[in-house]
Structure formats: C-alpha cells, structure tokens
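Please open the model in a viewer and keep the sequence at hand. The tour proceeds by selection, one stop after another.

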Amino acid sequence: MANTVNTLQTRFTNTMKTEFAEFKGGRLRNLGTKQIGKGNDIVRFYVSKPGTTSTAIDMYASGYAGVGGDINKLECSIKYNYWHEKLPMKDVNSTSLTIQDQLVRSGINSLKVNEDINIASVIIGTSGLTPKGTSGSGLSAQINEFIGVARLALLKGQNALDSVTKVAILMNESAYEDFFSDDKTINSLYTELSGVKGGAPNQFHYCEIIALSDSVLPSGKVYFVPAGSFGFAAWEDSAYSDATYHPAQDSMFLMAKTSWGAVVLDPASIFAFKY
C-alpha cells in the first residue's frame, strides 16, 4: 500500500510541476500590465496620466509646473486560487493522475477559468467605466454601434505600453447565444470569426470573446477590455501542488494553487455596453 501511495503522490506532483512550468493562466491575464509580487501581498502599479510638452523650459520660474502628467499609485492585492479534491483510495487506484487523466486536466482548466472569473469580477466592479449602448435594446439591434465600440477599444489597445493590440469582450453565455443567433451577426459583412472550422466563434472584429456563465456575469452589459487597461500581479514561483494520503479516511487529498491579483488602471478605457 505504501508503495502505491508514494507512486501516486509522486506521479501527481510531477505532472502538476510539468503543467505549471508551462502555465500561462487564463485568457485575460495576457491583456494586463504585469508585476511580480515578492514577499508581500500588496503590489503597487504606478499610472501616469497623459502629459503635454512646452516650447520653452525654466524650472526656476515662479509657479513652475511640469508637463509630465499626474502619477497615480494603485494597490493590487494578491490572493491564491485553490483547486482541491479528496478521493477514496479505491477511486484513486483507478486513475492515472497524469496529464491525460480527466481529473488532472479538469483541475488545470479550473485554475485557468477561475482566474478569468476573478479578474472579470474586479473589472465589472470598478466604477468609472465608460458607458456605451442602450438599455432595453438587444445586442443585434445595436450591431453597428457594437462594431464601432469594438474598433475604438482596439484603438485604445494599440496605445498600451506593451504594444499588445488586443481587446477582450466579456459577455455571459446567454448573451453569446443570442448574439451569434442573429442574421446580422452571422452575415459575413458583419462578423469576422476566428477561422477555426468546427469550433465556436471566439472573435468578433479582431476582439477576443470570453463568454462567462450567467451566474458570474449578469445580463445587461457587455464589457470591452483593451490591453493595458488593468494590471495583473502574482507571486513569483507561486504555483504549487501536493498529494497527501490520510489513512484514517483511506483517502488521498489532492491540491493545486496559483496566485493572482488584479486592479483596473484606466477605467475610462473599458467600455460597459448596455443591452
């Protein structure tokens, strides 16, 4: 029994170590301005407002004022995301605990998806987002304005400091179903899909669509999130996994964790589109 337990523990931790070496988080992480937290659960992002220039300079002049723009200091808290499961040994013995195993793949996917959910919750809970769209009117009825907002969001994404020209469109699954059921959206004059034949469309006019469950993102708004509009932070080398055997319950406890933190840096560049 001891050899079996040790083998399964080693197999699980080695599998997760390999996966975490390539772990890039969810789909939203890559749009954020990134920082690594080192020994502290608070990371600070410094955001400079747009500056101007002048045709002359005299730093000794009475009433001198710089042109570099105000600098805001924004704090971002880092937390852990945990995936964990307790399995009776009779069930553990029937699983491989390698990356091909459905349980392991489900755990990795849960960490990715819930990272997106956590970042999205920070974004939609931030005040000062730019309102767009019309309440009481469906998405398909506002298709032209929707496209215009997508293009404007892309323009803002182009101005991100890391030069990532990318925008995420956050919508719930019901809105996604309704949006891609409309003739205007399906028509090639209005839609540009991902090009992945046989797969669900995950792009619209070069923006990446991230559809979250209705329980996570209530109906009524779609969010356009340009690259660089929020900050993402994590602890250095924080991904960790473990498998422990508990003889009193003859069960194996599997655990994996990653860290995350998010803060909106430029609320006005994120569009909250009403429908």
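Begin by selecting Ala 168 and Glu 208: Ala 168 stands opposite Glu 208 in strand 8. Helices (H or I, at least four residues) and strands (E, at least two) are DSSP runs, numbered from the N terminus. This is a predicted model, in which local features need pLDDT of at least 70 and side-chain atom pairs count only at pLDDT 80 or more, while totals for chains, interfaces and linings use all residues. Residues are numbered from 1 along each chain as its sequence is written, and side-chain values use heavy atoms, with hydrogens and water left out.

Next, select strand 6 (residues 167–172) together with strand 8; the two pair in the parallel sense over five bridges. Pairing requires that DSSP find at least two bridges between two strands. Strand 8 itself covers residues 207–212, and five of its six residues are buried, that is, under 20% relative accessible area with a 1.4 Å probe, protein chains only.

Add strand 7 (residues 203–204), which runs antiparallel to strand 8 and is joined to strand 8 by two bridges. Here Phe 204 has Cys 207 in strand 8 as its bridge partner. Two residues lie between the strands of this hairpin, and His 205 in the turn has a positive phi of about 50°.

Finally, turn to the largest nonpolar core, which has 23 residues; Leu 28, Ile 119 and Phe 230 are among those with the most contacts inside it. Such a core is a set of buried Ala, Val, Leu, Ile, Met, Phe, Trp, Tyr and Cys residues joined through side-chain atoms within 4.5 Å. Helix 3 (102–124), strand 6 and strand 8 are among the elements that each supply at least two residues of this core. Its largest share, four residues, comes from helix 3.

Note on methods
Buried < 20%, exposed > 50% of the residue type's maximum accessible area, 1.4 Å probe, protein only.
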